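Hi,

Here is the structure I promised to pass on. Have a look at it first, then read on for what turned up.

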Amino acid sequence: MELGKVIAINLKQLRTERNLTLGQLSKISGISKAMLSDIEKGNSNPTINTIWKIANGLNVPYTRLMDEIEKEATVIRRSEAVMQTGETEHYRVYCYFRSTPLRNFELFYVELDPHSANVTIGHCEKSQEYIYIIQGQLLLQTEAGDYELGEGDSLMFDSSIKHTYINERDNLLTFIVVNYYPN
């Protein structure tokens, strides 16, 4: 099923389970009522930060808005991974595994073009992010400090704080991100 339709179904379900109006969800997520309505109708393809804001407002993992029923074993080919972009096309995220009621983490493959950056709002409370650099150099700026990572390096940090991925180099930066949501 198309990602926008999946998000529409899950958003409506989560909002109605919590007995929230679009106006109430707008206030807690910082997303306009009109935008939320378009997303719920499946008429919008929300950006990564829009999905984060909604997920944080609903206090659910990012990929909960993209949940589909999974089989017992799942193979996801590179060509099948759903690509999303940040506010610009310089930051691309491919979701391989989403958080489910039985899995409290998400797995992403990320690409960041040379001389570009992407700001990510903080994720839900107590969430942790694990990063593994495949290729290139990452400068990660957080409210708690800055970290420089190269190929083969890894980092875990409190992802409930705002953070920025920066590629200051001339080459494409690729890395894996695992977002973990403790119970």
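Quick one to start: does N19 count as buried or exposed? It counts as exposed, because its relative accessibility is 67%. Keep in mind throughout that this is a predicted model.

N19 sits in the loop that joins helix 1 to helix 2. Its phi is near 55°, which is a positive value in a residue other than glycine. N59 is another case: its phi is positive too, at about 60°, although N59 is not a glycine. You'll find N59 just after helix 4, in the loop between that helix and strand 1 (82-85). With a relative accessibility of 57%, N59 counts as exposed. There is also a glycine to look at: G42, just after helix 3, has a positive phi of about 80°.

Now the overall picture. The chain has four helices and 10 strands. Going along the sequence, the order is α-α-α-α-β-β-β-β-β-β-β-β-β-β.

What radius of gyration does the chain have, and what would a compact globule have with 183 residues? The chain comes out at 16 Å, and a compact globule with that number of residues would be near 16 Å, so the two agree. If you want a box for a setup, the C-alpha atoms fill one of roughly 45 × 35 × 30 Å along the principal axes. Of the 183 residues, 50% count as buried. Among contacts with a separation of 6 or more, 64% are between residues 24 or more positions apart.

On the surface side, the chain exposes about 9700 Å², and carbon and sulfur atoms supply 50% of that area. As for charges, there are 18 positive and 24 negative ones, and their mean positions are 10 Å apart.

Back to the helices. Helix 3 covers residues 33-40, and its buried residues are L36, S37, I39 and E40. Why do they line one face of the helix? Looking down the axis of helix 3, the buried residues fall within an arc of 160°, so they line one face. The general background is that an α-helix has 3.6 residues a turn, so residues three or four places apart point the same way. What do the buried residues of helix 3 pack against? Their partners are helix 1 (3-17), helix 2 (22-29) and helix 4 (48-58).

Helix 4 is mostly covered, with nine of its 11 residues buried. The buried ones are I48, N49, T50, I51, W52, I54, A55, G57 and L58.

Helix 1 is where I7 is found. I7 has a relative accessible area of 2%, so it is buried. Leaving out residues up to four places away in sequence, I7 touches I39, P46, I51, L65 and M66. Two of those names have come up already: I39 is one of the buried residues of helix 3, and I51 is among the buried residues of helix 4. For a distance across the model, the C-alpha atoms of I7 and F175 are separated by 25 Å, with their positions 168 residues apart along the chain.

Over in the strands, L155 belongs to strand 8 (residues 154-158). Is L155 buried or exposed? It is buried, because its relative accessible area is 14% and the cut-off for buried is under 20%. Setting aside neighbours within four places in sequence, L155 is in contact with E129, Y130, I131, L140, Y147 and L149. The C-alpha atoms of L155 and T47 are separated by 25 Å, and the two residues are 108 residues apart along the chain.

The last residue to look at is S127, in the loop between strand 4 (116-120) and strand 5 (128-135). S127 is buried, with a relative accessible area of 1%. Which residues does S127 touch, not counting those up to four places away in sequence? They are F157, D158, S159, S160, Y180, Y181 and P182. Of these, S160 is 33 residues from S127 along the chain, while their C-alpha atoms are separated by 5.8 Å.

Cheers

Notes:
Residues are numbered from 1 along each chain as its sequence is written. This is a predicted model: local features need pLDDT of at least 70, side-chain atom pairs count only at pLDDT 80 or more; totals for chains, interfaces and linings use all residues. Side-chain values use heavy atoms; hydrogens and water are left out. Helices (H or I, at least four residues) and strands (E, at least two) are DSSP runs, numbered from the N terminus. The radius of gyration is taken over C-alpha atoms; the globule rule is 2.2 Å times the number of residues to the power 0.38. Buried means under 20% relative accessible area, exposed over 50%, partly exposed in between (1.4 Å probe, protein chains only). Contact means heavy atoms within 4.5 Å. Accessible areas come from the Shrake-Rupley method with a 1.4 Å probe; for residues, only the protein chains shown count as cover. Lys and Arg count as positive and Asp and Glu as negative; His and the chain ends are not counted. The place of a charge is taken as NZ of Lys, CZ of Arg, CG of Asp or CD of Glu. The arc is that of the directions from the helix axis to the C-beta atoms.
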